[in-house]
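Colleague: Could we go through the charged side-chain pairs in this model? I would like each answer to end on the value or name I ask for.

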Amino acid sequence: MTLAPGDRLILASKARLVRDRSSGREILLYPERGLALNPVAAAVAVRLDGTRTVAAIAAEVAAAFAAARPDEVERDVIAFLEELAERGLLEERHAAPAAGDAAARGAPARAEPVSAPEGGAAGDAALHRPYTLIAEVTYRCPLRCPYCSNPMELSGAASELSTETWCRVFAEAAELGVMQLHLTGGEPLARRDLEALVRGARGAGLYTNLITSGVPLARERLAALRAAGLDNVQLSVQDADPERADRVAGYAAFDHKLAVAGWVKEEGLPLTVNVVLHRENIEHVPAIVALAERLGADRLELANTQYLGWALANREVLLPTRDQLERAFAIASSARERLLGRIEMVFVTPDYYAAWPRACMDGWARRYLHIAPDGLVLPCHAAHTIPGLRFESVRERSLAWIWREAPSMNRFRGDAWMEPPCRGCERREVDFGGCRCQAYHLTGDAAVTDPACSLSPAHGIVEEARLRAASAQPEPRYLHRGAPR
């Protein structure tokens, strides 16, 4: 978007402005992201109502900050608006909005506070604050994806938290400082009370993302979820080709997914398309990008498989070669530049081809909370597979106590637990030693350096997996629920 002084701008419908009571700063939330605004940026954001021109906003903000030179303020205003435009967070208003229309299109709503944590946490927890809650509301799912993050042994629906408990947890999460909520699974649409969960999350002031396969979803239910306060829909798609996509999903769902994507846009909700990349579809990135454009996606996640759980069991047939990965990354990078301001693109590389491990979940219990369907509070979805750790449940404890005091949440916080080479590494506060779950499942010890790290004594495990990926592979035969193992 090229800005002109006479443009009348409004925040995109996917953006919501809230106040962080911990810092007192305005936060601009949008799908899986947030921008903490300084006073000038906040003064600009609250004026993006579709009635003021860019020039009028700059003049008003300059007057409000009289200590600064007007030309400097105007430059800051323009720079901030250009940043928002690049992130796809602005829409242009060509005519004066009708009464009430600005609010309907996502204008700032300053009456929606989002809480932040109080001090006094045990150990290192006082330095950390959870921004995102990943709520696995069920493990039930009609799909059988070979990289599924669900546990390899599942509990039934009877063990799932009740509507009331989830809504209480959402309120407690907001008090801790959580701003983003991901309702995921399994397939969250399997919960008949999903609309009530969304209402509870909205009442707590959370920006609520539905992570779904789209199966099953009817247009009427999507409208009800939007009315309940849903902010964003992330739709999983397995490939750009119907036959290949349905083969990977283990379910004929591709055509319905495309219909769901259309409904999402018609309902005025932002759409994220998520595609898990692996050997079978990584060559199809150009077609996947084209599909995202055709669907009018606001965000495209190209997330290479992370090899835990079912994905680790299927690694032999899922891990791409380095050449495949480099070609896909180059194509995605080019598309990201071309689509800047239209589609936000995220390309997540697999740990197996990085020199350094990723900061898994931004470090153990630093920024993310993960709650399983039965109420166990985890730092990530696979943490419960590490033996010797006892995770607490929201059935028995408050979320605040678990976050601050639970030994399981403090086990790998900070760096006191680290062994060489992590202990003396200058990157220990960058990647936090990598993924604890991957360290355990590849070496049997969760406290060692993630083997994805080139400095890890166990890095040979990853190198061997890469060599095997480079050799010829037979026709894929996946392990999944119900299949012989």
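**Salt bridges and burial**

Modeller: Asp351 is buried, at 5% relative accessibility. This is a predicted model.

Colleague: Which residue forms a salt bridge with Asp351?

Modeller: The closest N and O atoms of the pair lie 2.9 Å apart, and the cut-off is 4 Å. The partner counts as partly exposed, at 32% relative accessibility. That partner is Arg358.

Colleague: Which residues are joined into one network by salt bridges that share partners?

Modeller: The network arises from salt bridges with shared partners. Its members are Glu32, Arg33, Arg299, Glu301 and Glu344.

Colleague: How many residues apart are Glu344 and Arg299?

Modeller: Glu344 and Arg299 form a salt bridge, with 3.2 Å between the closest N and O atoms. The pair links distant parts of the chain, with Glu344 in strand E14 (residues 344–348) and Arg299 in strand E13 (residues 299–304). Their separation along the chain is 45 residues.

Colleague: Is Arg299 buried or exposed?

Modeller: Buried means under 20% relative accessible area. Arg299 has 3% relative accessibility, so it counts as buried.

Colleague: Which residue meets Arg52 in a salt bridge?

Modeller: The N to O distance in this pair is 2.6 Å. Arg52 is partly exposed, with a relative accessible area of 24%. Its partner counts as buried, at 18% relative accessibility. The partner is Asp49.

Colleague: How many salt bridges does the structure hold?

Modeller: Side chains of opposite charge can pair when their charged atoms come close. For this structure, the number of salt bridges is 31.

Definitions and conventions: Residues numbered from 1 in each chain as written. Predicted model: local features only at pLDDT ≥ 70, side-chain atom pairs only at ≥ 80, totals over all residues. Heavy atoms only, no water. Salt bridge = Lys/Arg side-chain N within 4 Å of Asp/Glu carboxyl O. Buried < 20%, exposed > 50% of the residue type's maximum accessible area, 1.4 Å probe, protein only. Helix = DSSP H or I, 4+ residues; strand = E, 2+ residues; numbered from the N terminus.
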